[in-house]
Amino acid sequence: MRVRATAATAAMLLAALTACGDDGAKADAKAADSSKASTSKKVDCADEDISQADWMNHCSDEGADTSADGAGTEEQATGLKFGESYTWPDGLKVSVAEAKVFTDYDAELMESAEPGSTDFRVKLKLTNSGKSAVSLDDLSVIVEGATNGGEAESTAFENGAEPLDGRLAPGVSATKTDDSVLETKYGKKVVVTVQRSSEDSDLDFPEFAGSITG
């Protein structure tokens with residue numbers, strides 16, 4: 001009788017330990033899933049209203065995820081749409097906010113519309129998420145018709161212009177403009193390519209597709 005009682009007691013103890021182990025494994029898995037969800041949170045680093053906590057955790061070089069699934073992976077430079085963004089290896093992030101028909105001409109400068117052409121202004125949103133200041137003079141814009149070809153001619157309108165020049169400090173965002181003229185026969189669907197001069201011959205030039213509004 002004693003032997004049977006001891007064996008039964010041992011069996012009960014083993015079952016209890018096994019249950020505790022299962023509960024611990026489930027708790028660890030839940031914590032890992034929670035951590036993964038927190039790490040994979042998508043944050044728009046170009047958003048001027050982003051909280052300081054989200055900036056430090058997801059946008060700064062110290063807090064950005066550089067794992068295989070994080071910001072350290074190579075970004076897609078083609079097939080982007082207006083509103084989407086691309087970040088160069090040094091942390092300079094760019095997106096095309098809009099392309100809009102320009103009508104606010106400066107009469108004193110003899111600015112005016114030309115028949116058969118669409119004057120428009122592209123707005124670029126730039127954020128320096130790197131550690132060093134970057135020169136915006138290195139940036140330039142090419143706009144091509146996306147329907148049946150055609151390349152826009154670069155121009156410059158005075159009112160409201162924010163040219164691509166000067167330097168952008170780390171952690172700072174800015175909206176810049178670039179003006180162009182496209183023959184109306186090419187329509188209003190366009191592809192905006194943002195070029196950047198650099199000694200790195202492998203540097204990508206992101207392309208953003210969208211429509212000229214207005």
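## Ser180 and its surroundings

In this predicted model, S180 is located in strand β9, which covers residues 173-183. The relative accessibility of S180 is 4%, and the residue therefore counts as buried, since the cut-off for burial is under 20% relative accessible area.

Apart from neighbours within four places in sequence, S180 makes contact with T118, D119 and F120. Its further contacts are V143, A152, E153, S154, T155 and F157.

## Salt bridges involving strand β9

The whole structure contains 4 salt bridges. As a general principle, side chains of opposite charge can pair when their charged atoms come close.

One of the salt bridges joins D179 to R121, with 2.6 Å between the closest N and O atoms. D179 belongs to strand β9 and R121 to strand β4 (residues 117-128), so this pair ties together parts that are 58 residues apart in sequence. Both partners, D179 and R121, are buried.

Another salt bridge links E183 with K185, and here the closest N and O atoms are 3.8 Å apart. E183 has a relative accessible area of 39% and is partly exposed, whereas K185, at 54%, is exposed.

## The D90–R196 salt bridge

D90 and R196 also form a salt bridge, in which the closest N and O atoms lie 2.7 Å apart. D90 is found in the loop between β2 (85-87) and β3 (92-101), while R196 is part of strand β10 (residues 189-196); the pair therefore ties together parts that are 106 residues apart in sequence.

The two residues fall into separate accessibility classes. D90 is partly exposed, with a relative accessible area of 36%, and R196 is buried, with a relative accessible area of 10%.

## The second largest pocket

The second largest pocket has a volume of about 250 Å³. Its lining consists of 14 residues, of which E114, S117, D119, E153 and V181 are the closest to the pocket centre. Strands β4, β7 (153-155) and β9 each give two or more residues to this lining.

By class, the lining comprises 6 charged, 4 polar and 4 nonpolar residues. Two of the residues closest to the centre, D119 and E153, also appear among the contacts of S180. Strand β9 thus recurs in this description: the strand holds S180, provides D179 for the salt bridge with R121, and contributes to the pocket lining.

Notes
Residues are numbered from 1 along each chain as its sequence is written. This is a predicted model: local features need pLDDT of at least 70, side-chain atom pairs count only at pLDDT 80 or more; totals for chains, interfaces and linings use all residues. Side-chain values use heavy atoms; hydrogens and water are left out. Helices (H or I, at least four residues) and strands (E, at least two) are DSSP runs, numbered from the N terminus. Buried means under 20% relative accessible area, exposed over 50%, partly exposed in between (1.4 Å probe, protein chains only). Contact means heavy atoms within 4.5 Å. A salt bridge is a side-chain nitrogen of Lys or Arg within 4 Å of a carboxyl oxygen of Asp or Glu. On a 1 Å grid over the protein atoms alone, a cavity is a set of points where a 1.4 Å probe fits but cannot get out, and a pocket is an open set with protein on both sides within 12 Å along at least five of seven lines; lining residues have an atom within 4 Å of a point. Grid points are joined across faces, edges and corners, and a volume is the space filled by probe spheres set on the points. Ala, Val, Leu, Ile, Met, Phe, Trp, Tyr, Cys and Pro count as nonpolar, Asp, Glu, Lys and Arg as charged, and the others, Gly among them, as polar.
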